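Q: I have a model open on my screen and I'd like to learn how to read it. Could you walk me through it feature by feature?

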Amino acid sequence: MSDSERERDPSTEPLVRRAEEVEYESVGAAEGMAKGVLVSPADGAPNLAIRRFTLDPGASVPKHTNEVEHEQYVLSGEYVVGLGDEEHTVEAGDSLFIPAGTVHWYRNEGDEPGAFLCAVPNGDDEIRLLDE
């Protein structure tokens with residue numbers, strides 16, 4: 001990368017978004033999951049979007065794939081993440097890398113909500129739900 005490519009785009013401004021400014025919406029195929037967009041291309045972020053998800057007790061997300069990779073960091077709670085043919089119980093402080101095209105799902109069997117950050121590259125992402 002050249003020095004000129006590393007220079008900040010002068011049209012892009014730094015951003016501080018307060019927690020109370022983030023709006024959460026239900027995730028359609030996943031009852032009990034909500035998503036808040038923390039930083040996105042709409043904010044001038046050229047490469048990545050960061051989202052915060054919550055997963056209510058008893059909630060589950062069906063098996064699906066994405067066309068883009070995911071990097072995740074568990075903020076709170078304990079829940080199960082399925083990756084390919086394996087299931088992993090994750091808790092606050094754990095990190096995940098989910099390569100593009102990997103079958104994955106979530107299930108919160110506990111009494112406490114779970115929450116995680118998810119960073120994804122900007123661009124198109126097709127989510128494909130899989131039959132059980």
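A: Happy to. Keep in mind that this is a predicted model. Let's start with one pair of strands: E2 and E3 run antiparallel and are joined by 6 bridges. Within that pairing, Gly36 faces Arg52 of E3.

Q: Which residues does E2 cover, and which does E3 cover?

A: E2 is 30-39 and E3 is 48-55.

Q: How many helices and strands are there in the protein?

A: There are 1 helix and 11 strands. Read along the sequence, the pattern is α-β-β-β-β-β-β-β-β-β-β-β. The C-alpha trace spans about 50 × 30 × 25 Å along its principal axes.

Q: Back to E2, then. What is the order of the strands in the sheet of 6 strands?

A: To read a sheet, walk across it from one strand to its neighbour. Here the order is E1-E2-E3-E10-E5-E8, the sheet is open and the pairing is antiparallel. E1 and E8 stand at the edges with a single partner strand each, so one side of each has no neighbour in the sheet. Ignoring direction, neighbouring strands are turned by 30° against each other on average.

Q: How many residues lie between E1 and E2 in their hairpin?

A: The hairpin of E1 and E2 has 2 residues between the strands. Strand E1 covers residues 24-27, and its antiparallel pairing with E2 runs over 4 bridges. For a landmark, find Val27, which stands opposite Ala30 in E2.

Q: And at the other end of that sheet, which residues of E8 stand opposite His70 and Gln72?

A: His70 stands opposite Ile98 in E8, while Gln72 faces Leu96 there. E5 and E8 are antiparallel, with 4 bridges between them. E5 also pairs with E10, again in the antiparallel sense, over 5 bridges. In that second pairing, Tyr73 has Leu117 of E10 as its bridge partner.

Q: What is the order of the sheet with 5 strands?

A: Walk across in the same way: E7-E6-E9-E4-E11, an open sheet with antiparallel pairing. Strand E7 (86-91) and strand E11 (127-129) are at the edges, each with a single partner strand, so each has one side without a neighbour in the sheet. The twist from one strand to the next averages 30°. Inside this sheet, E6 and strand E9 (residues 104-107) run antiparallel and are joined by 4 bridges. One spot to check is Val80, whose bridge partner in E9 is Arg107.

Q: How do I read a nonpolar core, and which residues of the largest one touch the most other members?

A: The general idea is that in soluble globular proteins, nonpolar side chains tend to be buried together. In this model, the largest nonpolar core has 18 residues, and Met33, Leu55, Val61, Tyr79, Val81, Tyr106 and Phe116 touch the most other members. Strands E2, E3, E6 (78-83), E8 (95-98) and E10 (114-121) each supply at least two residues of this core. Try selecting Val61: leaving out residues up to four places away in sequence, Val61 touches Ala30, Met33, Leu55, Trp105 and Tyr106. Across the protein, 29% of the 132 residues count as buried.

Q: What about Pro62: which residues is Pro62 in contact with, leaving aside its neighbours within four places in sequence?

A: Those contacts are Ala29, Ala30, His104, Trp105 and Leu129. Pro62 is found in strand E4 and is partly exposed, with a relative accessible area of 25%. Pro62 and Asp131 are 69 residues apart in sequence, yet their C-alpha atoms are 8.5 Å apart in space. For the protein, residues 24 or more positions apart make up 63% of the contacts with a separation of 6 or more.

Q: Last one: how do I read a pocket, and what is the volume of the largest pocket?

A: In general, rolling a probe the size of a water molecule over the atoms shows where empty space is left. The largest pocket here has a volume of about 510 Å³. It is lined by 29 residues, and Lys35, Arg51, Phe53, Asn66 and Ile127 are the closest to its centre. The elements that give two or more residues to the lining are E2, E3, strand E4 (60-66), strand E5 (70-76), E9, E10 and E11.

Definitions and conventions:
Residues numbered from 1 in each chain as written. Predicted model: local features only at pLDDT ≥ 70, side-chain atom pairs only at ≥ 80, totals over all residues. Heavy atoms only, no water. Core = buried A, V, L, I, M, F, W, Y, C linked by side-chain atoms within 4.5 Å. Buried < 20%, exposed > 50% of the residue type's maximum accessible area, 1.4 Å probe, protein only. Contact = heavy atoms within 4.5 Å. Pairing = 2+ DSSP bridges. Axes fitted to C-alpha atoms, helices over the stretch in contact; angles between N-to-C directions. 1 Å grid on protein atoms, 1.4 Å probe; cavity = no way out; pocket = protein on both sides within 12 Å on 5 of 7 lines; lining within 4 Å. Points joined across faces, edges and corners; volume = space filled by probe spheres on them.
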